[in-house]
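Reader: I would like a close look at one part of this model, namely how its helices pack against one another. Could you take me through it carefully, in one connected account?

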Amino acid sequence: MSLDEHDPGLVGLEAALAALAPMPGRIDRDALLFRAGQLSLRRGRWAWPGVAAALGVVALTLGVVLALRPTPTTVERVVYIRIKEPSPPAPQVREPDVPPPEPKSIAPVATAARQAPMNYLELERQVFRWDMDGMPATLEALSPSGPPLTRDRPFSAPAAPPTFAIFFDLRSLVQ
Amino acid sequence: MGPELLGRLVDEHGAALVLYARQWCMGAEDVVQDALLKLVTQKPPPVSILPWLYRVVRNAAVSAARAERRRRRHEIAAAARTPVWFAAMEASALDVAAATQALQTLPIEQREIIVAHLWGGLTFEQIAEVAQCSSSTAHRWYIAGLSALRERLRVPCP
């Protein structure tokens with residue numbers, strides 16, 4: 001679309017108008033470039049405030065949950081524990097040939113002694129519990145060298161079976 | 001967009017953009033400056049920068065004109081100090097004040113197209129895109145505006 005096609009007379013006016021220079025205005029070039037630089041740095045300005053806001057919401061939510069949490073109630077329960085009744089003691093058989101019965105406390109010690117060697121701590125515990133009166137048969141049984149040599153038995157003979165073992169053998173027979 | 005391109009846009013097209021914005025509003029410099037800053041923040045930058053700038057300036061100037069109309073008192077005071085649109089040039093065949101006054105009396109549709117074409121360097125296709133009309137309509141208004149200017153400036157026919 002050419003202007004000459006419509007009105008060739010307008011070409012001169014068009015050229016005269018185009019020769020006029022627009023007023024430059026009051027655009028501050030330096031200020032504009034400065035603001036453009038500022039804008040280029042402000043693109044990610046919502047990143048950290050967004051993170052802070054999200055963490056604030058999380059903290060607020062946790063606080064509300066903590067405040068509205070029901071108080072823990074103490075539940076009391078009665079627990080019945082069945083304890084096996086100890087077996088009644090075996091009737092003691094008094095016979096003249098049979099040595100006097102040993103205290104009851106020897107039973108577990110003697111049994112343990114027959115089954116496995118007694119260590120020092122267990123022996124000490126038994127002594128503290130039953131005193132030395134309850135221990136002779138046990139100690140005799142535990143002695144590795146057998147009964148001490150006396151005038152009636154000057155020589156070392158084969159060790160007799162421990163007294164408590166006989167006692168328990170008898171007791172088991174009675175039962 | 002780098003500062004070199006922005007500075008070149010201000011130097012080469014700033015005055016024409018201000019003149020274009022003055023067709024609607026008084027604060028033309030602010031409108032152009034905002035448009036240039038908006039151009040800086042565009043990601044990615046527009047393909048055709050100049051038509052994009054004219055379109056943004058036009059929209060902002062129209063909005064600014066609406067705001068000016070709402071503030072009638074300020075509008076009256078601003079009308080009293082209408083700036084001269086063109087720089088005084090001794091070699092020019094036209095009187096600057098007369099040309100400014102003649103342009104101001106034209107309808108906005110014709111004025112807009114004359115300014116965009118003569119001083120902005122936009123083609124009629126680009127003007128049609130900016131002004132949201134067809135290119136033939138833009139050309140028709142351009143011819144009509146020039147004819148009206150010729151009458152008002154009393155330029156003799158060759």
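Author: A crossing of two helices is called right-handed if the near helix is turned clockwise from the far one by less than a right angle, and left-handed if the turn is anticlockwise. With that term in hand, and bearing in mind that this is a predicted model, we can begin inside chain B, where the crossing of H2(B) and H3(B) is right-handed. Two packed helices are described by the angle between their axes and the distance between the axes. Here helix H2 of chain B covers residues 28-40 and helix H3 of chain B covers residues 49-70, and their axes come within 9 Å and cross at roughly 135°. The two helices H2(B) and H3(B) are therefore oblique to each other, since angles over 145 degrees would be needed for roughly antiparallel.

On the side of H2(B), the residues that make this contact are B:Val31, B:Val32, B:Ala35, B:Leu36, B:Lys38 and B:Leu39. From H3(B) come B:Ile49, B:Trp52, B:Leu53, B:Val56, B:Val57, B:Ala60, B:Ala61 and B:Ala64. Sorted by class, the contact of H2(B) with H3(B) has 13 nonpolar residues and 1 charged residue, with no polar ones.

Helix H2 of chain B also holds B:Gln33, and this residue leads us across to the other chain. B:Gln33 has a relative accessible area of 16% and is therefore buried, because the cut-off for that term is under 20%. Leaving aside residues up to four places away in sequence, B:Gln33 touches A:Leu32 and A:Arg35.

A:Leu32 appears again in a second helix pair, among the residues through which H3(A) meets H1(B). Helix H3 of chain A, residues 29-41, and helix H1 of chain B, residues 3-21, have axes that come within 11 Å and cross at roughly 145°, and this crossing, too, is right-handed. H3(A) contributes A:Arg29, A:Leu32, A:Leu33 and A:Ala36, while H1(B) contributes B:Pro3, B:Leu6, B:Gly7, B:Arg8, B:Val10 and B:Asp11. The residues of the contact of H3(A) with H1(B) divide into 6 nonpolar, 1 polar and 3 charged.

As for the chain to which H3(A) belongs, chain A has 8 helices and 0 strands. Of its 175 residues, 18% count as buried, and chain A exposes about 14,200 Å², of which carbon and sulfur atoms supply 62%. Among contacts in chain A with a separation of 6 or more, 54% are accounted for by residues 24 or more positions apart.

How values were computed: Residues numbered from 1 in each chain as written. Chains lettered and ligands numbered in written order. Predicted model: local features only at pLDDT ≥ 70, side-chain atom pairs only at ≥ 80, totals over all residues. Heavy atoms only, no water. Axes fitted to C-alpha atoms, helices over the stretch in contact; angles between N-to-C directions. Helix = DSSP H or I, 4+ residues; strand = E, 2+ residues; numbered from the N terminus. Parallel < 35°, antiparallel > 145°, perpendicular 65-115°, else oblique. Contact = heavy atoms within 4.5 Å. Nonpolar A, V, L, I, M, F, W, Y, C, P; charged D, E, K, R; others polar. Buried < 20%, exposed > 50% of the residue type's maximum accessible area, 1.4 Å probe, protein only. Areas by Shrake-Rupley, 256 points an atom, 1.4 Å probe, with all protein chains shown as cover.
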